[in-house]
Amino acid sequence: MDENQFKDELKSEVTENSGELSLSSDESDIEKTQEMSSITDYSEDDRPIRSREEFTELNSADDLQQTRLMNSVSDNSARNTSPENTVKRRKKRRKKTQINHTRTMGQVFLGVLLSAVSIVIGVLLAILSINGLRDFTGMAKTIRTAEVTIDSSMPSDKIVDELYKNGIINMPFFMKAYINLVGDKEKPFLTGSYTLYSNMSYGSLIDTLKSPKQYTQTIKVTIPEGYTAKEIGELLEANYVCRAVDFENYYKHKLNKYDFEEAIENDPNRLNMLEGYLFPDTYEFYVIDDLKNNPNFDTTHYAEIAAEKMYENFDSKITKSMKERMEELGMTLDEVIRLASLICWEGTDEDNMKGISSVFHNRLNDPETFPSLQSDTTYTYINRVIRPAFASSDASRMQTFIDAYDTYTCEGLPAGAICNPGLAEINAALYPSKTNYFFFLASKDGTFYWARTQEEHEQNIIDAALREENDER
């Protein structure tokens, strides 16, 4: 079938149907009239069909609820929904809205709380930092002065607590952290009493407590010829220059700072290695006021200064000509000093010291006949210095030192000097008188007796004793 035939058949069917409709319309007019009458009998509220004005009003954009009603009319599934389901759905929406609102308020409150806490912490940290900076630098602080006494044995934390207790610092934990982080562990705190101020920085406080205190008052101390190192230390302590025990540290062992130390043998039986080199003279020292009030005040630094003054003075006194003379005699500097120390305690003036020196030189040059120098002065050193240096329980070791210094037991010179000789005694040791004496003695009145043999010496002993008896009468 072509397209034209299909169109002709469609037109004929439409014509037939329209005729049928016209016939049936007459029969149904009465029924339609009855139905229209029944419609007018409904009340306004019960009418299922609404007027155009109502329809327009229901679909107005200003009333969303009525719009929803019209939508429900056009939607069969919506008309079948019960009112109860609608109410439940509204309640769920309200409940969900309330939950969301509660969560939002909680988040807002938490945010505000965290912000407040952050602000408070920030303010506190700022205050802490400012106060810490003030304490660290000492700036903008109330000025206080305090006399603080510390001991070198105190730990640094305790020293800081002492500063806090005296009002010098306000934040001890800051200073402790500073010392632990940047403090010089090699340089210890020093014992002493210090005048400190609260406007001093941490660095200034630490430097003050670690640096030797400066004193202004001085005193002149004369070291006599023939003093032992122990006696010199006691003299310095009596004049508040330093403690004797601190001074001992600078003559007990070699310092390896001076050329003259090269001539000193490391004899294990030598009690005080630098005995003999503390040159006798008049020195000016600072008076350590703290030592007056505190006998345990650490004076190590000042003892070192005192000892070095004496060693430097000694070094300056030994001339080139003296060293040349030592070579002529075939002696070392240390041997000359040990000999000069014996001469110092035996002689009384330049003449008899040179005579005494000649006796010792003659014996040293004839060791087979005279192996020992036999100087009674070494007994004095043994009793004054060696014996007190040892405990009674260490008798064996003490005896070893005694034998090394006893010139009736040891051969030649003692192990170490027995005192600190002056320039006159050193020159006497270098330039003895030319004699053939091997013995000497002195009576109580200072008269010297010289002898070439043992027999002559024994006779001199008798003569000296008779002289003393006559003097007593």
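**View 1. T149 of strand 1 has S193 of strand 2 as its bridge partner.** This is a predicted model, where local features need pLDDT of at least 70, side-chain atom pairs count only at pLDDT 80 or more, and totals for chains, interfaces and linings use all residues. Residues are numbered from 1 along each chain as its sequence is written, and side-chain values use heavy atoms, with hydrogens and water left out. Strand 1 (residues 145–150) and strand 2 (residues 192–197) run antiparallel, paired over 6 bridges; two strands pair if DSSP finds at least two bridges between them. Helices (H or I, at least four residues) and strands (E, at least two) are DSSP runs, numbered from the N terminus. Look along strand 1: A146, V148 and I150 point to one face and are buried, while T145, E147 and T149 point to the other and are not. Buried here means under 20% relative accessible area, exposed over 50%, and partly exposed in between (1.4 Å probe, protein chains only).

**View 2. Helix 18 (residues 395–405) has five buried residues to pick out: M398, F401, I402, A404 and Y405.** They sit on the same side of helix 18 because they cover an arc of only 160 degrees around the axis, going by the directions from the helix axis to the C-beta atoms. Helix 17 (377–386) is part of what covers them.

**View 3. E231 and R384 make a salt bridge, their closest N and O atoms being 3.7 Å apart.** E231 lies in helix 10 (residues 229–238) and R384 in helix 17, so the pair ties together parts that are 153 residues apart in sequence. A salt bridge is a side-chain nitrogen of Lys or Arg within 4 Å of a carboxyl oxygen of Asp or Glu, and a search of the whole structure turns up 12 of them. E231 is partly exposed at 23% relative accessible area, and R384 is partly exposed too, at 45%.

**View 4. Helix 15 (residues 333–346) holds both R338 and D334, 4 residues apart, about one turn of the helix.** Their salt bridge brings the closest N and O atoms to 3.2 Å apart. Both R338 and D334 are buried. Salt bridges with shared partners link R270, D334 and R338 into one network.

**View 5. D267 sits in the loop between helix 11 (244–248) and strand 4 (282–286).** Leaving out residues up to four places away in sequence, D267 touches M273 and A415, where contact means heavy atoms within 4.5 Å. D267 and A415 are 148 residues apart in sequence, yet 7.2 Å apart in space, C-alpha to C-alpha.
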